[in-house]
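Subject: Structure handover

Hello,

Here is the structure I said I would pass on. My notes on what was found in it follow below.

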Amino acid sequence: MRFATDTTLGKLGRHLRAAGFDTLCQHQCRRGDFFDTVEADRVILTRTTAVKVRFKSRPLVFIRNNDPFQQMMQVVRELGIGQSDLRPFSRCLECNMVISQVGRDAVRGRVPDYVWQRHQTFHACGKCRRIYWAGSHHDRMCNRLAAIPRQKEKTHER
Ligand SMILES: [Zn+2]
């Protein structure tokens with residue numbers, strides 16, 4: 001399952017990437033046109049009624065909540081996403097690329113010393129070179145992802 005989001009849903013996009021979902025976020029394109037440029041199987045996530053109407057034949061979730069975590073949980077409920085669908089921390093939050101493990105020595109000097117001392121495992125994005133480790137953001141996101149049900153249960157809110 002992969003996604004494409006409105007400009008206004010950037011934080012939701014980052015949550016979905018943290019969960020491992022391939023998620024494109026609209027940046028510059030004029031409202032709606034962005035969704036014409038992405039693959040048709042991407043689930044459109046939007047808060048815009050005009051987009052909902054225009055793309056009614058495409059898979060789409062119309063987001064109602066303001067809070068990014070609640071937005072993610074709406075997507076989880078409506079699409080029946082379960083823990084087995086998640087690939088946590090496998091993707092760059094910034095550019096959506098799959099990240100890969102890199103040697104500890106390779107990141108020395110590229111992360112703060114206290115981080116390097118404390119952590120054994122690092123991942124890097126091949127595109128933006130950003131380095132990831134299991135720090136406090138990681139823990140907070142783990143707690144959020146733990147709220148996603150183990151079993152898939154699909155419930156539509158209407
Ligand atoms: Zn990146």
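R108 lies over the face of W116, at 4.1 Å from the ring centre. R104 also has its charged end over the ring of W116, 3.9 Å from the centre. Please keep in mind that this is a predicted model.

Next, the metal site. Four sulfur atoms coordinate the zinc ion: SG of C92, SG of C95, SG of C125 and SG of C128, at 2.2 to 2.3 Å. Along the chain these donors follow the spacing C-x2-C-x29-C-x2-C. The angles among the 4 donor atoms run from 100 to 120 degrees, and the site is tetrahedral. For reference, the ideal angle for four tetrahedral donors is 109.5 degrees. One of the ligands, C92, has a relative accessible area of 0% and is therefore buried.

Now the aromatic rings. The model has 4 aromatic pairs. One of them joins F3 and F21: the ring centres are 5.4 Å apart and the planes stand at 85 degrees, so the pair is edge-to-face. F3 belongs to strand β1, while F21 sits in the loop between α1 and β2 (23-25), so the pair ties together parts that are 18 residues apart in sequence. Are these two residues buried or exposed? F3 is buried, with a relative accessible area of 0%, and F21 is buried as well, at 6%.

Another pair is F34 with F35, whose ring centres are 5.1 Å apart; their planes are at 65 degrees, so this pair is edge-to-face. Both F34 and F35 are buried. Together with F55, F34 and F35 form one aromatic cluster.

Last, helix α4. The helix covers residues 68-79, which is 12 residues. From its first C-alpha to its last it reaches 17 Å, close to the 16 Å expected at 1.5 Å a residue. Which residues of α4 are buried? They are P68, Q71, M72, M73, Q74, V75, V76 and E78. These buried residues pack against two helices, α1 (10-18) and α6 (136-145), and against the strands β1 (3-5), β3 (43-46) and β4 (60-62). Strand β1 is also where F3 of the F3–F21 pair lies. Just after α4 comes G80, which takes a positive phi of about 65 degrees.

Regards

Methods
Residues numbered from 1 in each chain as written. Predicted model: local features only at pLDDT ≥ 70, side-chain atom pairs only at ≥ 80, totals over all residues. Heavy atoms only, no water. Helix = DSSP H or I, 4+ residues; strand = E, 2+ residues; numbered from the N terminus. Expected span 1.5 Å × (residues − 1). Buried < 20%, exposed > 50% of the residue type's maximum accessible area, 1.4 Å probe, protein only. Contact = heavy atoms within 4.5 Å. Donors = N, O, S within 2.8 Å, 3.2 Å for Na, K, Ca; no water. Tetrahedral: all angles 85-135°; square planar, octahedral: opposite > 155°, others 65-115°. Phe/Tyr/Trp six-rings, centres within 6.5 Å; stacked < 30°, edge-to-face > 60°. Lys NZ or Arg CZ within 6 Å of the ring centre and 35° of its normal.
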